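Here is a friendly walk through one protein chain, moving from its domains down to single residues. Please keep the viewer open while you read.

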Amino acid sequence: MPGTEDKLRHYLKRVTADLGQTRQRLRDMEERQREPIAVVAMACRYPGGVASPEQLWDLVASQGDAIEEFPTDRGWDVAGLYHPDPDHPGTTYVREAGFLRDAARFDADFFGVNPREALAADPQQRVLLEVAWELFERAGIDPGTLRDTLTGVYAGVSSQDHMSGEQVPPEVEGYATTGTLASVISGRIAYTFGLAGPAVTLDTACSASLVAIHLACQALRQGDCNLALAGGVTVLSTPTAFVEFSRQRGLAPDGRCKPFAAAADGTGFSEGVGLILLERLSDARRNGHRVLGVVRGSAVNQDGASNGLTAPNDVAQERVIRQALTHARVTHDAVDAVEAHGTGTTLGDPIEGNALLATYGKGRPADRPLWLGSVKSNIGHTQAAAGVAGVIKMVMAMRHGQLPASLHIDRPTPHVDWEGGGVQLLTDPVPWPETDRPRRAGVSSFGISGTNAHLILEQAPAPSAPEGSETRRDLVVPWVVSARSPEALRAQARALALAFAGRATETDRMDTPVDIGWSLLRTRALHERRAVVVGTDRAELVAGLEALAAEEPHPALVTPPPAPLGAGKHMVWLFSGQGSQVVGMGAGLYERFPVFAAAFDEVCGLLDAELGGSVREVVFGGPRERLDHTMWAQAGLFALQVGLARLWESVGVRPDVVVGHSVGEIAAAYVAGVFGLADACKVVGARARLMGGLPEGGAMCAVQATPEELAADLEGSGVSIAAVNTTDSTVISGPADEVERVVALWRGRGRKTKALAVSHAFHSVVMEPMLADFTEAIRDVKFAAP
């Protein structure tokens with residue numbers, strides 16, 4: 001039965017191949033579900049005036065304490081709120097906590113929010129929106145470019161006391177619903193920026209921001225979004241939380257968290273907001289985004305039926321840590337440190353400490369203990385923003401190679417068996433040296449309702465070495481500063497001057513003037529009010545910025561126009577025709593800007609074969625008589641114009657309208673997308689070659705007259721209207737003797753005339769002999785609508 005055997009053999013081969021493909025697809029799917037997630041930007045505001053990740057690092061690295069007196073700008077009865085008796089109704093026995101400064105302030109005009117809606121909006125909506133804008137710009141992304149993209153928003157909240165228990169004020173009626181709904185906290189961000197990915201607000205109390213990061217990572221791996229904002233926010237509109245926890249005696253009287261300390265006497269409530277921008281690591285590398293750190297793995301679980309609704313569960317905490325390690329595919333001894341939940345409570349800290357000993361502490365080398373700390377000792381318990389604060393702190397610690405100390409630890413709590421495992425408290429700063437593997441840290445957050453989260457962070461992979469030669473230091477560099485109002489423009493200049501003046505070494509990020517200039521133009525939204533500072537070095541540029549901030553003149557400063565640039569103002573590019581060519585045109589740009597050089601060479605490569613010579617050699621080397629020949633002039637101008645267009649586009653300048661004359665029309669059509677570069681070069685090459693092959697002769701002349709005035713004199717002469725320069729300037733073209741006759745007539749009438757230096761009578765009937773060959777040469781060119 002040879003036929004049956006052949007069929008069986010064929011079938012088995014096909015099944016084997018299918019099985020192999022299925023296994024590969026499963027492996028790919030499993031790998032995708034575990035793909036590391038890159039942290040490409042971070043932004044935050046925390047107590048102590050912290051307004052950036054760098055300031056948060058400065059605070060913890062200097063062992064700063066951000067706890068301060070209750071604010072007086074919230075409308076709270078601060079004097080009547082305090083009472084030392086925990087059982088006294090309506091009061092709290094603490095006088096200090098961590099607060100966001102200026103939490104009530106909001107630039108509604110900047111975000112297009114009307115005043116009544118802004119008043120009704122929960123401060124958590126407002127501050128998170130502001131930090132989201134900062135996050136995008138810190139990632140080097142113009143927020144306007146994200147409209148209709150698969151960008152997700154995952155926001156954790158816990159406090160929602162804005163306008164709670166009170167009648168809606170008449171002035172904000174109609175806006176109170178959207179102003180207080182938790183769903184709008186994430187939805188407003190998606191709406192403002194036009195984001196098309198998932199927008200999720202979640203409340204797991206103290207673990208909310210870490211759970212938000214976990215869900216965002218899952219969404220990225222599943223393809224629900226390509227970018228994700230994740231974090232949390234807590235702004236206390238009322239002192240209710242302090243009153244409630246005072247009744248439970250859960251607050252430290254001095255308002256300070258003392259994590260894992262024998263002196264721990266309760267938690268200290270604070271406010272904060274933190275967001276990180278997440279992207280699949282492979283996408284971040286492909287898109288050229290800076291990777292600050294990597295989320296290697298994460299896990300979320302629940303306490304379930306523990307010994308109380310709000311009581312921690314040691315078994316659940318151990319389980320979530322092991323799940324996160326498994327997901328990250330790392331062993332417990334490959335993690336160097338843990339940023340603990342560490343609230344400073346006498347019940348919670350010992351349970352957490354013993355869970356860490358059981359998971360991370362066993363079997364560790366004596367010289368490599370697990371280091372344990374908590375940022376809550378610096379800024380207090382920021383609740384829904386606590387987990388992301390720990391993430392930001394540990395990413396910064398990895399980047400600085402140092403583990404900062406935790407504060408207020410008189411001695412380790414005796415309720416944890418510190419001698420039974422390799423876990424040590426960070427009572428002093430500890431170096432975090434480079435080893436043969438990346439630095440890694442765990443981050444924990446445990447919610448009061450029982451939802452636990454643990455995250456494994458990893459040091460960012462080393463960036464690829466930049467290609468190309470070192471940037472010249474003698475270049476005059478423009479810095480474009482923009483804002484929505486004159487006051488904001490001055491504030492931007494002041495902030496940039498302070499930031500740049502403070503960078504003392506060349507190793508600081510974005511330290512060179514060229515880098516700063518590029519980033520200001522390419523990674524920032526350009527607003528209506530603008531100014532430009534130009535200079536070659538730090539001192540000159542900073543002086544220009546300081547002058548802008550002070551509204552003073554300075555040689556390095558180009559001040560903004562008296563009226564803002566309206567959105568209706570169009571950018572127009574005009575591409576000229578023959579006559580504008582000069583030997584050496586573009587040579588300086590070719591030497592200085594690789595983008596220009598690449599575009600110029602690409603055009604020359606497509607034209608050289610058609611023209612039988614080197615366009616670049618003729619343009620840069622001449623002689624002038626050769627470049628003035630129509631064949632080389634057209635090719636050279638087109639190469640120059642494409643290079644200029646690419647150069648402008650590379651710095652973020654793009655046209656709304658393009659206009660061209662003669663060969664410039666082809667360049668304009670290419671920039672408008674009428675055809676691709678290869679087809680555009682085919683048109684230019686055929687046009688230049690065929691025009692150059694026509695007999696020389698003929699003339700062109702500009703006459704001070706309108707086409708209507710010239711019509712009678714041109715009839716039957718063979719002279720054509722070549723171009724209309726202005727309302728009273730017309731270029732005529734044709735046989736030399738006929739052109740001269742018409743010119744003499746108008747010169748005699750007292751009109752101005754100007755002969756053009758050309759080899760042919762372009763744009764006239766003299767060109768008609770080339771039309772059939774030109775039509776055939778461009779027959780295969782594919783055209784599209786602009």
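## Domains 2 and 3

The C-alpha centres of domain 2 and domain 3 lie 33 Å apart. Nine residues of domain 2 and five residues of domain 3 take part in the contact, where contact means heavy atoms within 4.5 Å. The domain bounds come from an automatic or database domain assignment, which gives domain 1 (1-32), domain 2 (37-459), domain 3 (477-502 + 510-558), domain 4 (572-693) and domain 5 (698-768).

A word on the source: this is a predicted model, in which local features need pLDDT of at least 70 and side-chain atom pairs count only at pLDDT 80 or more, while totals for chains, interfaces and linings use all residues. Residues are numbered from 1 along each chain as its sequence is written, and side-chain values use heavy atoms, with hydrogens and water left out.

The size of an interface is often given as the accessible area lost when the parts come together. Between domain 2 and domain 3 the buried area is about 590 Å², and carbon and sulfur atoms give 50% of that; buried area here is the accessible area (1.4 Å probe) that two parts lose on being put together, summed over both. On the domain 2 side, Phe110, Glu137 and Asp142 lose the most area to domain 3, together 70% of what that side buries.

One salt bridge is counted between domain 2 and domain 3, the term standing for a side-chain nitrogen of Lys or Arg within 4 Å of a carboxyl oxygen of Asp or Glu. Glutamate 137 forms a salt bridge with arginine 524, and the closest N and O atoms are 3.5 Å apart. The two domains, 2 and 3, also have three residue pairs in polar contact, both residues at pLDDT 80 or more. A polar contact is a pair of N or O atoms within 3.5 Å; within protein, one must be able to donate a hydrogen and the other to accept it, and residues adjacent in sequence count only if both atoms are side-chain atoms.

## Helix H11 and what follows

Helices (H or I, at least four residues) and strands (E, at least two) are DSSP runs, numbered from the N terminus. Helix H11 covers residues 314-328, 15 in number, and reaches 21 Å from its first C-alpha to its last, close to the 21 Å expected at 1.5 Å a residue; that expected span is 1.5 Å times one less than the number of residues. Asparagine 313 caps the N-terminal end of H11, with a side-chain oxygen 3.0 Å from the backbone nitrogen of valine 315. The buried residues of H11 pack against strand S8 (293-302), helix H12 (348-361), strand S14 (440-446) and strand S15 (451-459).

Between H11 and strand S9 (337-339), the loop holds aspartate 336. The side chain of aspartate 336 makes polar contacts with the side chains of tryptophan 432 (3.1 Å) and arginine 437 (2.5 Å).

## Local backbone features

Most residues other than glycine have a negative phi, and most peptide bonds are trans. Aspartate 148 and histidine 408 each have a positive phi near 65°. A cis peptide bond joins glycine 622 and proline 623, with omega about 0°.

How accessible are three of the loop residues? Buried means under 20% relative accessible area, exposed over 50%, and partly exposed in between (1.4 Å probe, protein chains only).

| Residue | Relative accessible area | Class |
|---|---|---|
| Aspartate 148 | 66% | exposed |
| Histidine 408 | 28% | partly exposed |
| Aspartate 336 | 13% | buried |
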